[in-house]
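I opened a notebook page for the empty spaces inside this protein. The entries below follow the order in which I looked things up.

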Amino acid sequence: MLTRNVAEGIHLIEHAYTNAYLVEGDGEVLIVDTGLPASQHAISSAVRSLGYGPGSVSAIVLTHGHFDHVGTAAKLRAEFRAPVLAHPADHYIAAHPYRYGHERPRLQYPLRFPASLRQLGAMTMAGALVVRGVADVLDLDEAAAAALPGTPALIHTPGHTAGHTALHFPDRGALIAGDALVTLNPYTGGRGPQIVSGAATADSAAALASLQALAETAAPTVLTGHGEPWTSGIQSAVERALAQGAS
């Protein structure tokens, strides 16, 4: 479940086809996204295996407020005494993780794309239907980012949600793209760079337009919310995602 150093000082935790990341720096660690309820042990164990505990987790950052990214945020906040940060536009979704905008009916996807059943089934077994939100989320802004391990540059990428935010670590050649761009689409089972289907994306046209902001980072390594790391550069990932379009 834990893959160390997918980029320098950045570690991947994968559980139920959903990714979280740990970013080390200056004796502290940052948790980016928190998976589903059953992911808590994997994330907590990974943090501790790296030698961190309460007081050395600087923050928990949510790229956005969907249920599969806030699933253990409240519990990890209590365990590690770390604040939870997200773009202000996603605070409401983080607190109410099933009240999010989406363009297309969700139930049609397993029928249209049977290949998605493996991912959606695993996510359901991991607690996708019983996520509790997280309240009292703080603002993820430039001032907050400056104090985080790795001092990420924030890339606002609306579309998937209004407040979706990617994190760019220029010194490490890495971009945590969240669900602005994925290499596994849970709703179709499709692999390779693409945006998430309209079942979970509020505005696919805006999501496609936001890919340009990711491309401008020129990051060699792209770390996504679902799927394996993309190591052929963000520009090629964006080109493929634009060619594929919405689903």
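Entry 1, largest cavity. I listed the lining of the largest cavity and found His66, Phe67, Asp68, Tyr100, Met123, His160, Asp179, Pro186, Tyr187, Val196, Ala200 and His226. On a 1 Å grid over the protein atoms alone, a cavity is a set of points where a 1.4 Å probe fits but cannot get out, a pocket is an open set with protein on both sides within 12 Å along at least five of seven lines, and lining residues have an atom within 4 Å of a point. The volume of the largest cavity is about 60 Å³; a volume is the space filled by probe spheres set on the points, with grid points joined across faces, edges and corners. Sorted by class, its lining holds seven nonpolar, three polar and two charged residues. Here Ala, Val, Leu, Ile, Met, Phe, Trp, Tyr, Cys and Pro count as nonpolar, Asp, Glu, Lys and Arg as charged, and the others, Gly among them, as polar.

Entry 2, source. I noted that this is a predicted model, in which local features need pLDDT of at least 70, side-chain atom pairs count only at pLDDT 80 or more, and totals for chains, interfaces and linings use all residues. Residues are numbered from 1 along each chain as its sequence is written, and side-chain values use heavy atoms, with hydrogens and water left out.

Entry 3, second cavity. How many cavities of 30 Å³ or more are there? I counted two. The second largest has a volume of about 30 Å³, and its lining divides into three nonpolar, six polar and one charged residue. Among the lining residues are His15, Asn19, Thr34 and Ser39. Strand 2 (10–15) and strand 3 (18–25) each supply at least two of them; strands (E, at least two residues) and helices (H or I, at least four) are DSSP runs numbered from the N terminus.

Entry 4, largest pocket. I read a volume of about 280 Å³ for the largest pocket. Its lining includes Phe67, Tyr98, Tyr100, Arg106, Met123 and Tyr187. Which helix gives the most to this lining? Helix 6 (residues 117–125) does, with three residues. By class I have ten nonpolar, one polar and one charged.

Entry 5, whole chain. I counted nine helices and 13 strands in the protein chain. The C-alpha atoms fill a box of roughly 45 × 40 × 30 Å along the principal axes. Buried residues (under 20% relative accessible area, 1.4 Å probe, protein chains only) make up 58% of the 247 residues.

Conventions. Buried means under 20% relative accessible area, exposed over 50%, partly exposed in between (1.4 Å probe, protein chains only).
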